[in-house]
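Biologist: I am new to this model. Please take one helix pairing and look at it closely, then lead me outward from there.

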Protein chains: 2
Amino acid sequence: MIRVRVDDVTVRPTLRERKKQATREALQAAALRLALERGPDNVRVDDIAEAAGVSPRTYNNYFPSREQAIVAAVTAQRASRVAAAVVARPADVGLADAVIDAVVGQYTDSGEHAPEALLMIAASPALRTCYVDTVTTIEGPLADALSERCPDLDRLTVQVLAASVGAVARVALGQWLEAAHEAPSMQGFVVPSRSLPDLVRAALTPLGPALDASAARARHAGSGGDPAIDSPRG
Amino acid sequence: MIRVRVDDVTVRPTLRERKKQATREALQAAALRLALERGPDNVRVDDIAEAAGVSPRTYNNYFPSREQAIVAAVTAQRASRVAAAVVARPADVGLADAVIDAVVGQYTDSGEHAPEALLMIAASPALRTCYVDTVTTIEGPLADALSERCPDLDRLTVQVLAASVGAVARVALGQWLEAAHEAPSMQGFVVPSRSLPDLVRAALTPLGPALDASAARARHAGSGGDPAIDSPRG
DNA sequence: CCAAAAACATGCGTGCACGCAAGTTTGCGT
DNA sequence: ACGCAAACTTGCGTGCACGCATGTTTTTGG
């Protein structure tokens, strides 16, 4: 049974929320399946809506663009997983390592999804752009996770750090997809395609000093400072 | 006479390019003027096209969305100015200071544009989103500027740093616009609106260590091999 | 268990982005 | 000066995102 944790109690979602979730998942699944069958350009929103058993208008109540429905099947719940991974790291590892490992971890075991879906996404510019843009989804949850791990960090700083991590992940993902869809023998010196986890880690590494420096600064000014207004995402 | 500098020589743009630039500026100006006159929601693309003397279809050859034409009048050339400012800083100032000052500088003297335009943008969610998204434009030129300033930085690192700066500027701008469009008398503890340059500087500050650390690493690993790669943790 | 209220699904109409296939203008070599 | 090729503009058709009004389902308060 599906439950979500809210305010230290697990509550069963209402009927309404369960139905919405079911519809959403049906749309995601239908969109991905049809896109894989016919190719991304030969799928109309009407087809997806019909396959999911809802009206075309309802489709747009769930997804703001056609591409997002296709991509969502692959990226669902990634944001919350990253956030959970950040707070789950032991408290004695540095902030930079915690964040980097958490993000990298989400791209190592991505094998649950059909690799053909990633190939299709890499092949279509529109889907690639949409897929890359979904990484910004992690900013909010990641900011919350950073606040939970370093309560002395002010809100602006956590937003800044979360946005940076998101942007960097976006760059890494973009580069990887670009390398993945191009012919493997681009004239050149650069290695055509590193493994995605390695690329993500290499991309996030330059950000490490910023994360650790912020954490250190927060520890210092921590117990003396103003009781800042840090209500998580109100 | 308008000239652009390319490869150490100033060349006069061809007639074609001058016309394109004129059309683009006409569209920008018309879009901004009509939006200010009637309000952003009462301007159709046909109106803008007609006011600029081109067909509606041509409009979309220049701008991929209606909002971008309005916003472009305010944000034109910002990217290249930031990049130029970065490389123009004396070589003895640190990379972090150079970048932060360059970005902050672009938001201090923004007074050339009518402040009413910014108010309108702040008031319309669609325009706000579009305006905030334009800061990603600086990523490319900024990456080039970073490479020019620190030639030993590998391409991935400069892209990562540029993307982070862009993301942070986006956060700062978003917060400022959010604060600017809300009622000025939000009863509360938080200062309703810091000045934009101060906010941008405060937002970029946590990123400083990452910039300086990358510059230091590049300097010291200088003419060597594989930059910015950590051994994968254990 | 029932009625009022809130949330949601749906149909319709509008405006917009963009591919395509013309027609037109500009650039450039001879 | 001439003519060809490339680039640009334009009209048309299609698919999509979304506001609005309406009927339907779920929640809530008694």
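Modeller: Start with α1(A) and α4(A), residues 66–75 of chain A, in this predicted model. Their axes come within 8 Å. They cross at roughly 105°, and that makes α1(A) roughly perpendicular to α4(A). From α1(A), the contact takes Leu27(A), Gln28(A), Ala29(A), Ala31(A), Leu32(A) and Ala35(A). Facing them in α4(A) are Ala69(A), Ile70(A), Ala72(A) and Ala73(A). By class, this contact holds nine nonpolar residues, one polar and no charged.

Now follow α1 to the DNA. In chain A, α1 spans 15–38 and α3 spans 56–62. Both give two or more residues to the surface near DNA strand D, and so do α1 and α3 of chain B. That surface has 18 residues around the strand. Thr14(A), Leu15(A), Ser65(A), Ser55(B) and Thr58(B) come nearest. Its make-up is four nonpolar, seven polar and seven charged residues.

DNA strand C is surrounded by 19 residues. The closest are Ser55(A), Thr58(A), Thr14(B), Leu15(B) and Ser65(B). Here α1 and α3 of chain A each supply at least two residues. Chain B does so through α1, α2 (45–52) and α3. The classes near strand C are four nonpolar, seven polar and eight charged.

How do the two chains relate? Lay chain A on chain B with a turn of 180° and a shift of 0.0 Å along the axis, and the RMSD is 0.1 Å. The two copies are thus related as by a two-fold rotation axis. The same surface serves both copies, as 88% of the contact residues of chain A recur in chain B.

Look at that contact itself. It brings 24 residues of chain A against 26 residues of chain B. On the chain A side, α10 (155–181), α11 and α12 (208–222) each give two or more residues. The most come from α10(A), with 12 residues. The chain A side divides into 15 nonpolar, six polar and three charged residues.

One of those elements, α11(A), also packs within its own chain. This helix covers residues 196–204, and its partner α6(A) covers residues 95–108. The two axes come within 8 Å and cross at roughly 160°. The helices are therefore roughly antiparallel to each other, α6(A) against α11(A). The crossing of α6(A) past α11(A) is right-handed. Ile100(A), Val103(A), Val104(A), Tyr107(A) and Thr108(A) are the α6(A) residues in this contact. They meet Leu196(A), Pro197(A), Val200(A), Arg201(A) and Leu204(A) of α11(A). Eight of the contact residues are nonpolar, one is polar and one is charged.

Finally, see α6 in chain B. There, α6(B), residues 95–108, pairs with α5(B), residues 78–88. Their axes come within 8 Å and cross at roughly 145°. Again the crossing is right-handed, with α5(B) passing α6(B). The α5(B) side consists of Arg78(B), Arg81(B), Val82(B), Ala85(B) and Val86(B). On the α6(B) side are Ala98(B), Val99(B), Ala102(B), Val103(B), Gly105(B) and Gln106(B). Counted by class, the contact of α5(B) with α6(B) has seven nonpolar, two polar and two charged residues.

Terms used: Residues are numbered from 1 along each chain as its sequence is written. Chains are lettered from A and ligands numbered from 1 in the order in which they are written. This is a predicted model: local features need pLDDT of at least 70, side-chain atom pairs count only at pLDDT 80 or more; totals for chains, interfaces and linings use all residues. A residue is near a molecule or strand if its C-beta atom, placed from the backbone, lies within 6 Å of it. Helices (H or I, at least four residues) and strands (E, at least two) are DSSP runs, numbered from the N terminus. Ala, Val, Leu, Ile, Met, Phe, Trp, Tyr, Cys and Pro count as nonpolar, Asp, Glu, Lys and Arg as charged, and the others, Gly among them, as polar. Axes are lines fitted to C-alpha atoms, for helices over the stretch in contact, and angles run from 0 to 180 degrees between N-to-C directions. Angles under 35 degrees count as roughly parallel, over 145 as roughly antiparallel, 65 to 115 as roughly perpendicular and the rest as oblique. A crossing is left-handed if the near helix is turned anticlockwise from the far one by less than a right angle, and right-handed if clockwise. Two residues are in contact if their C-beta atoms, placed from the backbone, lie within 7 Å. Copies are superposed by least squares on the C-alpha atoms of residues with pLDDT of at least 70 in both.
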